[in-house]
Amino acid sequence: MSDVVLTHNQYGKAENRVVRITRDTPRHEIEDLNVTSQLRGDFAAAHLEGDNSHVVATDTQKNTIFAFAKDGVGSPEAFLLRLADHFTGDFDWVTGGRWAAEQYTWARINDHDHSFYRTNAETRTAVVVRDGDTDTVIAGFHGLTVLKSTESGFEGYPKDRYTTLKETNANEVFYAADRPYGLIEATVQRADAGTADAAWVGIAGFC
């Protein structure tokens with residue numbers, strides 16, 4: 001029987017809901033995020049020996065998130081990078097981690113200064129993965145609904161004996177059910193950025 005060894009590991013506090021309302025002027029602002037913090041580093045003793053001397057408590061991670069939000073959030077990417085700087089800077093044995101956030105949108109009721117409603121707009125997402133001196137920032141959104149009313153027909157595709165789909169009929173629009181559905185995924189990145197495949201581990205689908 002082969003030996004079992006501890007390999008890659010991380011731990012933290014998931015889905016800390018942060019709602020910050022800035023009220024320093026009569027016109028208030030809302031920042032609404034769901035933040036997860038996970039640390040990586042020298043934690044083997046905690047897992048193998050029950051030694052918690054290097055364990056930054058998950059409750060401490062939660063409180064840090066709230067304390068940092070009190071000082072201001074800004075973009076979710078910038079907020080997560082601030083958390084990464086703190087945990088890897090204040091604790092020598094924390095060499096990296098994974099910090100993730102979803103940001104939700106609120107809109108004003110009739111442009112009111114302090115009355116809002118939660119919109120059905122897309123949810124903004126951000127993930128920061130730090131591995132030593134290397135940071136990878138993955139940002140995107142989900143839940144965006146778009147509609148194109150013309151010049152979006154599907155045609156010119158290869159056909160075989162299993163193809164039943166007809167090419168698009170001019171000036172006709174059909175109701176499209178939501179199941180089953182086509183699934184198209186892609187990554188867009190800066191031309192000078194690396195692929196950073198390891199940073200995508202643990203992200204379901206595309207961010």
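This is a walk through a predicted model, from its sheet to its helices, its cores and its aromatic rings.

Start with the sheet. Five strands make up an open sheet in the order β1-β2-β3-β6-β7, and their pairing is antiparallel. Two strands sit at the edges: β1, residues 11-22, and β7, residues 134-142. Each of these pairs on one side only. On average, neighbouring strands of this sheet are turned by 15 degrees against each other, direction ignored.

Now look at one pairing inside the sheet. Strand β2 covers residues 29-41, and strand β3 covers residues 94-104. The two run antiparallel and are joined by 10 bridges. Glycine 41 has valine 94 in β3 as its bridge partner.

Next come the helices. Helix α2, residues 58-70, packs on the sheet and touches β1 and β2. The direction of α2 makes about 25 degrees with that of β1. Helix α3, residues 76-90, lies across β2, β3, β6 and β7. Here the reference strand is β6, residues 123-131, and α3 runs at about 25 degrees to β6.

What fills the largest nonpolar core? This core has 21 residues. The members that touch the most other members are Val35, Leu39, Phe79, Leu80, Leu83, Phe87 and Trp99. Two or more residues come from each of β1, β2, α2, α3, β3 and β6. Helix α3 gives the largest share, five residues.

Take leucine 39 as a way into this core. Beyond its neighbours within four places in sequence, leucine 39 is in contact with Asn9, Gln10, Tyr11, Val56, Gln61, Phe87, Val94, Gly96, Gly97 and Trp99. Another core lies apart from the largest one. That core has six residues, including Ala100, Val127, Val129 and Ala199.

Phenylalanine 87 leads on to the aromatic rings. Is phenylalanine 87 buried or exposed? Its relative accessibility is 0%, so phenylalanine 87 counts as buried. Phe87 also belongs to one aromatic cluster with Phe91 and Trp93.

How many aromatic pairs are there? The count comes to four, taking ring centres within 6.5 Å as the rule. In one pair, the rings of phenylalanine 87 and phenylalanine 91 have their centres 6.5 Å apart. Their planes stand at 20 degrees. Planes under 30 degrees apart count as stacked, and so this pair is stacked.

One more ring deserves a look. Lysine 159 lies over the face of tyrosine 157, 4.4 Å from the ring centre.

Terms used: Residues are numbered from 1 along each chain as its sequence is written. This is a predicted model: local features need pLDDT of at least 70, side-chain atom pairs count only at pLDDT 80 or more; totals for chains, interfaces and linings use all residues. Side-chain values use heavy atoms; hydrogens and water are left out. Rings of Phe, Tyr and Trp (its six-membered ring) pair if their centres lie within 6.5 Å; planes under 30 degrees apart count as stacked, over 60 as edge-to-face and the rest as tilted. Buried means under 20% relative accessible area, exposed over 50%, partly exposed in between (1.4 Å probe, protein chains only). A charge sits over a ring if NZ of Lys or CZ of Arg is within 6 Å of the ring centre and within 35 degrees of the ring normal. Two strands pair if DSSP finds at least two bridges between them. Helices (H or I, at least four residues) and strands (E, at least two) are DSSP runs, numbered from the N terminus. Axes are lines fitted to C-alpha atoms, for helices over the stretch in contact, and angles run from 0 to 180 degrees between N-to-C directions. Contact means heavy atoms within 4.5 Å. A nonpolar core is a set of buried Ala, Val, Leu, Ile, Met, Phe, Trp, Tyr and Cys residues joined through side-chain atoms within 4.5 Å.
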